[in-house]
Every structure is written in C-alpha cells, then in structure tokens.
Amino acid sequence: MKIFKIFALAAMMFGMVACDNGEETPEPPFKGNTGYMGTVSVVVDGATVDTPDTAVGIEPRNDGSMLMDIKFGAVKFVPAMPALDITVPNVSYTIEDGVAKLSGSNIIPLCMGGEFPMYTVTTLTGTVDPSTIKLDLNFGQYPTKYIGNKLKVE
C-alpha cells in the first residue's frame, strides 16, 4: 500500500510539472471592456468621409477564447445616412509584447437587433496597445479605418 501511495504521489507531481510549460499567458493591454474615442474614415465612391468623435468599445470574452466584440457607436458611412450602432462580433486577437493584434474576415456585423450581411466585415486587422486602438477593415464594399484613444476612467 505504501508503494502505491508513493507511485500515486510521483504521478501527481509529474502531472503538475508536465502541465507547466513555463509560458505565462501574456497580459492584454486592456482590462475587460474598454472604451475609445476617435475618428472613423470610410472610403465612399473614391472619397474619404471622416466621422470624428466616434466611440468604440471592445468587449473581450471571459471564456479564454481570445475573441472580442468591437462596438462602434453612432457610425455614419456617408454624411446623409443616420448614425448606427454596429457590433463586429467574434474578432480574434493575440497578444505580443503588450499589444493585442486583431484579425477577422467574413464576420457578419450586428445592427438594430439583427445581422447585416450586406456589410460583412472582411480583411479586419488592427492593434490595441495600452492607450490606442487602430483598425482597418471593409464593411461590405466600404474600406474603413478607425484610430482612437483610450478613454480615461475617472
């Protein structure tokens, strides 16, 4: 019986060592939901339309999946259109040297309680560092950029 306990203890210790690969999970440059304020630039019919003072929020998943939702507040693709709140769900990210690198393609955005497949997000790339977010993506046929600064929490 004593030998069984020794082997069980040894197996348990080996299991702990085997699970520890020496790599720590890198810290993201954001903590939970984070807000930014910046400018959306959309190319429409060859002309760039800027919408300053646009709020964007990121909401990383809490399930360890390395996915986040990006929420654009009051976005206009052209000056005559109404401002829309648009969510781009399931954006993948990795963390390298304290910077989150975002990517995604063929993501159907959500707006007004439903999906908007005619504005499917393609070629999304971007970065989030401790103070800024930068995004490049296409909403359907519209190339879009966003650069924003992290909002200060008072």
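1. Let's start with the core of this predicted model. The largest nonpolar core has 32 residues, and the members that touch the most others are I70, F72, V88 and L102. At least two residues of this core come from each of strand 1, strand 2 (47-60), strand 3 (67-75), strand 4 (84-96), strand 5 (99-104), strand 8, strand 9 (132-139) and strand 10. Strand 4 gives the most, with six residues.

2. Now zoom out for a moment. The protein chain has one helix and 10 strands, and reading along the sequence you get α-β-β-β-β-β-β-β-β-β-β. Of its 154 residues, 34% count as buried. Take the contacts between residues at least 6 apart in sequence: 41% of them join residues at least 24 apart. As for the outside, the accessible surface comes to about 9700 Å², and 60% of that belongs to carbon and sulfur atoms.

3. Back to F72, one of the core residues named above. Not counting residues up to four places away in sequence, F72 touches V40, A55, V56, L84, D85, I86, V88, L135, L137, F139 and Y146. Keep an eye on F139 and Y146 in that list, since F72, F139 and Y146 form one aromatic cluster.

4. How many aromatic pairs does the structure hold? There are four. In the pair of F72 and F139, the ring centres are 5.6 Å apart and the planes sit at 75 degrees, so this one is edge-to-face. F72 belongs to strand 3 and F139 to strand 9, so the pair ties together parts that are 67 residues apart in sequence. Both F72 and F139 are buried.

5. For another style of pair, look at F116 and Y119. These two are stacked, with 6.3 Å from centre to centre and 25 degrees between the planes. Are they buried or exposed, or somewhere in between? F116 is partly exposed at 22% relative accessibility, and Y119 is partly exposed too, at 21%. Both values miss the buried class because that label needs under 20% relative accessible area.

6. T144 is worth a click. This residue sits in strand 10 (residues 142-150) and is buried, with a relative accessible area of 3%. The T144 side chain reaches the backbone oxygen of Y142 at 3.0 Å. Setting aside neighbours within four places in sequence, T144 is in contact with V40, S41, V42, F77, L135, D136, L137, N138 and F139.

7. Compare that with V43, which is found in strand 1 (residues 34-44). V43 is partly exposed, with a relative accessible area of 31%. Beyond its neighbours within four places in sequence, V43 is in contact with T48, Y142 and P143. The C-alpha atoms of V43 and N138 are separated by 9.5 Å, with their places 95 residues apart along the chain.

8. Last stop: T120. Where does this residue sit? T120 is in the loop between strand 7 (114-115) and strand 8 (121-128). A polar atom of the T120 side chain lies 2.6 Å from the backbone oxygen of P117. Leaving out residues up to four places away in sequence, T120 touches N106, I107, I108, P109, N138, F139 and G140. You have met two of these already: N138 and F139 are also among the contacts of T144.

Terms used
Residues are numbered from 1 along each chain as its sequence is written. This is a predicted model: local features need pLDDT of at least 70, side-chain atom pairs count only at pLDDT 80 or more; totals for chains, interfaces and linings use all residues. Side-chain values use heavy atoms; hydrogens and water are left out. Helices (H or I, at least four residues) and strands (E, at least two) are DSSP runs, numbered from the N terminus. Buried means under 20% relative accessible area, exposed over 50%, partly exposed in between (1.4 Å probe, protein chains only). Contact means heavy atoms within 4.5 Å. A polar contact is a pair of N or O atoms within 3.5 Å; within protein, one must be able to donate a hydrogen and the other to accept it, and residues adjacent in sequence count only if both atoms are side-chain atoms. A nonpolar core is a set of buried Ala, Val, Leu, Ile, Met, Phe, Trp, Tyr and Cys residues joined through side-chain atoms within 4.5 Å. Rings of Phe, Tyr and Trp (its six-membered ring) pair if their centres lie within 6.5 Å; planes under 30 degrees apart count as stacked, over 60 as edge-to-face and the rest as tilted. Accessible areas come from the Shrake-Rupley method with a 1.4 Å probe; for residues, only the protein chains shown count as cover.
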